[in-house]
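Visitor: I have the sequence and the fold open on my bench computer. Could you walk me through how some of the labels are earned?

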Amino acid sequence: QVQPVESGGGLVQAGGSLRLSCAASRMFLAIYTMGWYRQAPGKQRELVAKITSGGSTNYADSVKGRFTISRDIAKSTVFLQMNSLKPEDTAVYYCAAEAARTYWGQGTQVTVSS
């Protein structure tokens, strides 16, 4: 499997939580940086969070303290735990494997109602 596959999106009320999953190649998780990005209507795609092959993480300022990226290499999965969701978090969320080229998933819709 080369292309990441996202799941776990949906509709949630403001203040709620969702956990996104990204199934990807175990090799990708072990070697490359994996990232979660999002794109809201009319806006550019933006970085949400990244996790390096060494396990270091970094986050967009807008999600720090609310979102957590993690991975389970044995299960070939990257997770994005999203808490205290806000309407402005509404977007299509994409998983990306940042190899010599970037492999993008198809995206999963997250909608946060006020």
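Guide: Gladly, and let's start with methionine 34. In this predicted model, methionine 34 touches Cys22, Ala24, Phe28, Leu29, Ala49, Lys50, Ile51, Ile69, Val78, Cys95, Ala96 and Ala97, with residues up to four places away in sequence not counted.

Visitor: What makes these residues count as touching methionine 34?

Guide: Contact means heavy atoms within 4.5 Å, so each residue on that list, Ile51 among them, has to meet this limit with methionine 34.

Visitor: Which residues have the most contacts inside the largest nonpolar core?

Guide: They are Met34, Trp36, Leu80, Met82 and Tyr93, in a core of 27 residues. Strands E3, E4, E5, E7, E8, E9 and E11 and helix H1 each supply at least two residues, and the largest share, 4 residues, comes from E9.

Visitor: Why is Met34 called a core residue?

Guide: Members must be buried, of a nonpolar type such as Met, and joined through side-chain atoms within 4.5 Å; Met34 is in the core, so Met34 meets those conditions. In soluble globular proteins, nonpolar side chains tend to be buried together.

Visitor: How do you know that E4 and E5 pair?

Guide: Pairing needs at least two bridges; E4 and E5 have 5, in the antiparallel sense, so they qualify. Methionine 34 has isoleucine 51 of E5 as its bridge partner. Between these strands lie 6 residues of a hairpin, where glycine 42 takes a positive phi near 75°.

Visitor: And what makes E5 and E6 a pair?

Guide: The same cut-off of at least two bridges applies: E5 and E6 have 3, again antiparallel, so they pair as well. Isoleucine 51 stands opposite threonine 57 in E6. This hairpin has 5 residues between its strands, and glycine 55 in the turn has a positive phi of about 95°.

Visitor: Why is glutamate 6 said to have no salt bridge?

Guide: A salt bridge needs the charged atoms within 4 Å. The nearest side chain of opposite charge, arginine 45, is 7.4 Å from glutamate 6, so the limit is not met. Glutamate 6 is nevertheless buried.

Visitor: Which backbone nitrogen does the side chain of glutamate 6 reach at 2.7 Å?

Guide: That of cysteine 95. The backbone nitrogen of glutamine 106 lies 3.0 Å from a polar atom of the glutamate 6 side chain. Polar contacts must be within 3.5 Å, so 2.7 Å for cysteine 95 and 3.0 Å for glutamine 106 both fall inside that limit.

Terms used: Residues numbered from 1 in each chain as written. Predicted model: local features only at pLDDT ≥ 70, side-chain atom pairs only at ≥ 80, totals over all residues. Heavy atoms only, no water. Buried < 20%, exposed > 50% of the residue type's maximum accessible area, 1.4 Å probe, protein only. Lys, Arg positive; Asp, Glu negative; His and termini not counted. Polar contact = N/O pair within 3.5 Å; in protein donor to acceptor, adjacent residues only side chain to side chain.
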